[in-house]
Amino acid sequence: MATFLSDLSPADMQLRLRDALGVYVDAMRYPRGTENQRASMWLEHTRRHGWQAVAAFEVNTPDSETATDAILTGAEARVDPSAAQLRAAPMLGVAYGYPGAPGQWWQQQVIVGLQRNGFPAHAIDRLMRSYFELTELHIHPRAQGRGIGEALARRLLAHRTEEYVLLSTPETNGEANRAWRLYRRLGFTDILRSYYFAGDPRPFAILGRALPL
Ligand SMILES: CC(C)(COP(=O)(O)OP(=O)(O)OC[C@H]1O[C@@H](n2cnc3c(N)ncnc32)[C@H](O)[C@@H]1OP(=O)(O)O)[C@@H](O)C(=O)NCCC(=O)NCCS
């Protein structure tokens, strides 16, 4: 068994939506049933301009020399799994995002936060003008801590042409979790801290960095 990274088209995401949402709910330790609330939003996101997604799959490799913990991309694998194999393979992780645009709820929320924190209008315009929102990044608990999250993030951001990448992540005491360690390792810095999105009682951090990664 090895981990194979693959881009997902909107049709692929539609096909594997249940699995992707299952990874998300298990990774975030949300209650079962959260998938149903999120499904239509994830599908709507696939229709946004510039949407891009990648996933990690567990695949049997015919190459017996491949280490069981190897993370393979198409370029490295000697034999790519077939499309049919990938369609059936267990999904271990998923990541997606899209360019920020006026009218998006997340962008509106971030702008309010920036204004409340005294960011001057020109600085807000500069940041909002061209960014990729890293909307979701999740690895199933049984596959965490093997570098798959970093590999997915790097693959997703590798060819983006926006000036910045922005994301939001729940605040956690002392930044002591894997998500925070990953984002810091990738060079994300603070844009806003302890920000409350409308309708969510949890404080979030908005982090960002310039692209390319
Ligand atoms: C945050 C998350 C996406 C990170 O993905 P991940 O695959 O678990 O972690 P990374 O890719 O950062 O892997 C790094 C870890 O793997 C270890 N590792 C093992 N082999 C590795 C390799 N070949 N390359 C890189 N790291 C490797 C590192 O030592 C590191 O361990 P540490 O975090 O204990 O220091 C994932 O843990 C997750 O889904 N968490 C829950 C949901 C969540 O918080 N999502 C983000 C919300 S905004």
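A polar contact is a pair of N or O atoms within 3.5 Å. That cut-off applies to a predicted model, and this report starts with its ligand.

## The ligand and its shell

An oxygen atom of the ligand is 2.7 Å from a polar backbone atom of Gly149. The protein covers 71% of the 950 Å² of accessible area that the ligand has on its own. Two other residues bring a backbone N or O atom to a ligand oxygen. For Ile139 the distance is 2.8 Å. For Arg146 the distance is 3.3 Å.

How many residues surround the ligand? The count is 20, and the closest are Ile139, Gly145, Gly149, Glu150 and Arg185. The ligand takes up the space of the largest pocket.

Several elements build the shell. Helices H2 (17–28), H7 (148–157) and H8 (178–185) each supply at least two residues, and so do strands E5 (131–139) and E6 (164–170). Which element gives the largest share of the shell? Helix H8 does, with six residues.

## Four residues elsewhere in the chain

The table lists burial for four residues.

| Residue | Relative accessible area | Class |
|---|---|---|
| His45 | 6% | buried |
| Thr34 | 9% | buried |
| Ala101 | 27% | partly exposed |
| Asp7 | 41% | partly exposed |

### Helix H3: Thr34 and His45

Helix H3 spans residues 34–46, and Thr34 is found in it. His45 has its place in H3 as well.

Is Thr34 buried or exposed? Thr34 counts as buried because its relative accessible area is 9%, and buried means under 20%. Leaving aside neighbours within four places in sequence, Thr34 is in contact with Tyr24 and Val25.

His45 is buried too, because its relative accessible area is 6%. Beyond residues up to four places away in sequence, His45 touches Trp51, Tyr96, Tyr98 and Thr135. One of these partners, Tyr96, also makes a polar contact with His45: the two side chains are 2.7 Å apart.

### Strand E1: Asp7

Asp7 is found in strand E1, residues 2–8. Asp7 counts as partly exposed because its relative accessibility is 41%; that class lies between 20% and 50%.

Which residues does Asp7 contact, apart from its neighbours within four places in sequence? They are Asp12, Ala53, Val54 and Arg155. With Arg155 there is a polar contact as well: 3.0 Å joins the two side chains.

Asp7 can also be placed against a residue far along the chain. Asp7 and Arg209 are 202 residues apart in the chain, and their C-alpha atoms are separated by 23 Å.

### A loop: Ala101

Where is Ala101? Ala101 has its place in the loop between strand E4 (91–99) and helix H5 (105–116). Ala101 is partly exposed because its relative accessible area is 27%.

Setting aside neighbours within four places in sequence, Ala101 is in contact with Gln107 and Tyr131. The C-alpha atoms of Ala101 and Leu182 are separated by 26 Å, with their positions 81 residues apart along the chain.

## In brief

The ligand takes the space of the largest pocket, and H8 gives the largest share of its shell. In helix H3, Thr34 is buried and His45 is buried. Asp7 is partly exposed, and Ala101 is partly exposed. Side-chain polar contacts join His45 with Tyr96 and Asp7 with Arg155.

Terms used:
Residues numbered from 1 in each chain as written. Predicted model: local features only at pLDDT ≥ 70, side-chain atom pairs only at ≥ 80, totals over all residues. Heavy atoms only, no water. Helix = DSSP H or I, 4+ residues; strand = E, 2+ residues; numbered from the N terminus. Buried < 20%, exposed > 50% of the residue type's maximum accessible area, 1.4 Å probe, protein only. Contact = heavy atoms within 4.5 Å. Near = heavy atom within 4 Å. Polar contact = N/O pair within 3.5 Å; in protein donor to acceptor, adjacent residues only side chain to side chain. Areas by Shrake-Rupley, 256 points an atom, 1.4 Å probe, with all protein chains shown as cover. 1 Å grid on protein atoms, 1.4 Å probe; cavity = no way out; pocket = protein on both sides within 12 Å on 5 of 7 lines; lining within 4 Å. Sits in = over half its atoms within 2 Å of the grid points.
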